[in-house]
Amino acid sequence: MRTPHSKDIFSYMKDLVRPGLRGFFAFFIVTFALLVTLGTWQLKRLDWKNDLIQNINQNLAKPPVDLDSLITDTLSKKQNPDYRRVKVMGTFKKTKPFKILAKVHDSKLGYHLVLPFTLTNGARILVNLGWMPMNKSIEDVKFPDSPLTISGVVKSMTGRTSYTPENNYQTHELFNLDPLEIAHEKTWPALLPFYIVRISQGAFVQPYPVPIEEKIHLPNSHLEYALTWYLLALFWGLIFTFYARRQIHRNSLKKET
């Protein structure tokens, strides 16, 4: 048995699907659902980013490990190697370096200098030595003749979006660093599937390259984004309600006259 109140609700819903409001009502439903979906997606991104930051902080808090232990943890235990602190010993081969372009340090534009590092066991790993100004090259870097120790953090690859330019392996100018991609392009089968970001000066006495800060700055604005989408959905709902009630009221007056 319907109450008078429920009759009003059903009458109101019938008015929404009548000619004159039907198209606008369909448009409202689609856009409202889209706004809510975007807000929910941002909440999922928030959970993912929080887990990522927690994993990074946990790995940074761990003591440095040798590369063999890291490889065992990565391959056998399926652990994420990103941001684990390591110390490796080996030598740099002064070949044509890779340059990760568009890097800023102290408000100055430059690049990150990346070289393959041959470990004592014969394996190769890429090392991001740090920031270089545009007017400096590898010829300005003095490398020790004897094997040296590099302290840094491990990363699998740098972030890449749909707006990131393609890497140029002919000129060795890169916009993101992916060891697996480099191993394929340069046919280096012994290259390890992650790289090291140098975080201490070590044996290098010259000012360049500048080691990269150990602190990790990850933007985490997903909650604000989610609230923005939800508020837009709320405002859109209020606008539609006001407009629909006014149209229904006008139609009611026309029927009465």
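**Exercise 1. The largest nonpolar core**

Task: In this predicted model, find which residues of the largest nonpolar core touch the most other members, and which elements supply the core.

Solution. Step 1. The largest nonpolar core has 27 residues, and Phe92, Phe117, Ile125 and Ile150 touch the most other members.

Step 2. At least two residues of this core come from each of helix 3 (67-75), strand 1 (85-92), strand 3 (108-119), strand 4 (124-133), strand 5 (148-155) and strand 7 (191-198). Strand 3 gives the most, with 5 residues.

Step 3. Take Ile125 and leave aside its neighbours within four places in sequence. Ile125 is then in contact with Leu67, Leu115, Pro116, Phe117, Leu119, Leu191, Leu192, Phe194, Tyr195 and Ile196.

Step 4. There is also a second, separate core of 17 residues, which includes Tyr83, Val153, Ala183 and Trp188.

**Exercise 2. The chain as a whole**

Task: State how many helices and strands the protein chain has, and in what pattern they follow one another.

Solution. Step 1. The protein chain contains 5 helices and 7 strands.

Step 2. Along the sequence, their pattern is α-α-α-β-β-β-β-β-β-α-β-α.

Step 3. The chain has 257 residues, of which 37% count as buried.

Step 4. Consider the contacts in the chain with a separation of 6 or more: 65% of them are between residues 24 or more positions apart.

**Exercise 3. The length of helix 2**

Task: Compare the expected span of helix 2 (residues 22-61) with the distance between its end C-alpha atoms.

Solution. Step 1. The expected span is 1.5 Å times one less than the number of residues.

Step 2. Helix 2 has 40 residues, so it should span 58 Å.

Step 3. The end C-alpha atoms of helix 2 are 59 Å apart, which agrees with the expected span.

Step 4. Now look at which residues of helix 2 are buried. They are Phe25, Phe28, Thr31, Leu35, Gly39, Gln42, Leu46, Lys49, Ile56, Asn59 and Leu60.

Step 5. A general point helps in reading such a list: an α-helix has 3.6 residues a turn, so residues three or four places apart point the same way.

**Exercise 4. An aromatic pair**

Task: Describe the pair formed by Phe28 and Trp236, and say where its two residues lie.

Solution. Step 1. The whole structure holds 7 aromatic pairs. In the pair of Phe28 and Trp236, the ring centres are 6.0 Å apart and the planes are at 45°.

Step 2. Planes under 30 degrees apart count as stacked, over 60 as edge-to-face and the rest as tilted. The pair of Phe28 and Trp236 is therefore tilted.

Step 3. Phe28 is in helix 2 and Trp236 in helix 5 (residues 222-256), so the pair links distant parts of the chain, 208 residues apart.

Step 4. Buried means under 20% relative accessible area. Phe28 has 10% relative accessibility and therefore counts as buried. Trp236, at 18%, also counts as buried.

Step 5. Ring pairs join Phe27, Phe28, Phe32, Trp236 and Phe240 into a cluster.

**Exercise 5. Thr31**

Task: Give the place of Thr31 and the backbone oxygens that its side chain approaches.

Solution. Step 1. Thr31 is in helix 2. Its relative accessible area is 19%, so Thr31 is buried.

Step 2. The side chain of Thr31 reaches the backbone oxygen of Phe27 at 2.8 Å. A polar atom of that side chain also lies 3.1 Å from the backbone oxygen of Phe28.

Step 3. Thr31 and Ala233 are 202 residues apart in sequence, while their C-alpha atoms are 8.2 Å apart in space.

**Exercise 6. Backbone angles**

Task: Place Tyr83, Ala102 and Pro209 in the chain, and describe the backbone at each.

Solution. Step 1. Tyr83 has a positive phi of about 70° although it is not a glycine. Tyr83 lies in the loop between helix 3 and strand 1, and at 9% relative accessibility it counts as buried.

Step 2. Ala102 also has a positive phi, near 60°. Ala102 lies in strand 2 (residues 98-105) and is exposed, with a relative accessible area of 54%.

Step 3. Pro209 is in the loop between strand 7 and helix 5. The peptide bond from Tyr208 to Pro209 is cis, with omega near 0°.

Note on methods: Residues are numbered from 1 along each chain as its sequence is written. This is a predicted model: local features need pLDDT of at least 70, side-chain atom pairs count only at pLDDT 80 or more; totals for chains, interfaces and linings use all residues. Side-chain values use heavy atoms; hydrogens and water are left out. Helices (H or I, at least four residues) and strands (E, at least two) are DSSP runs, numbered from the N terminus. Buried means under 20% relative accessible area, exposed over 50%, partly exposed in between (1.4 Å probe, protein chains only). Rings of Phe, Tyr and Trp (its six-membered ring) pair if their centres lie within 6.5 Å; planes under 30 degrees apart count as stacked, over 60 as edge-to-face and the rest as tilted. A polar contact is a pair of N or O atoms within 3.5 Å; within protein, one must be able to donate a hydrogen and the other to accept it, and residues adjacent in sequence count only if both atoms are side-chain atoms. A nonpolar core is a set of buried Ala, Val, Leu, Ile, Met, Phe, Trp, Tyr and Cys residues joined through side-chain atoms within 4.5 Å. Contact means heavy atoms within 4.5 Å.
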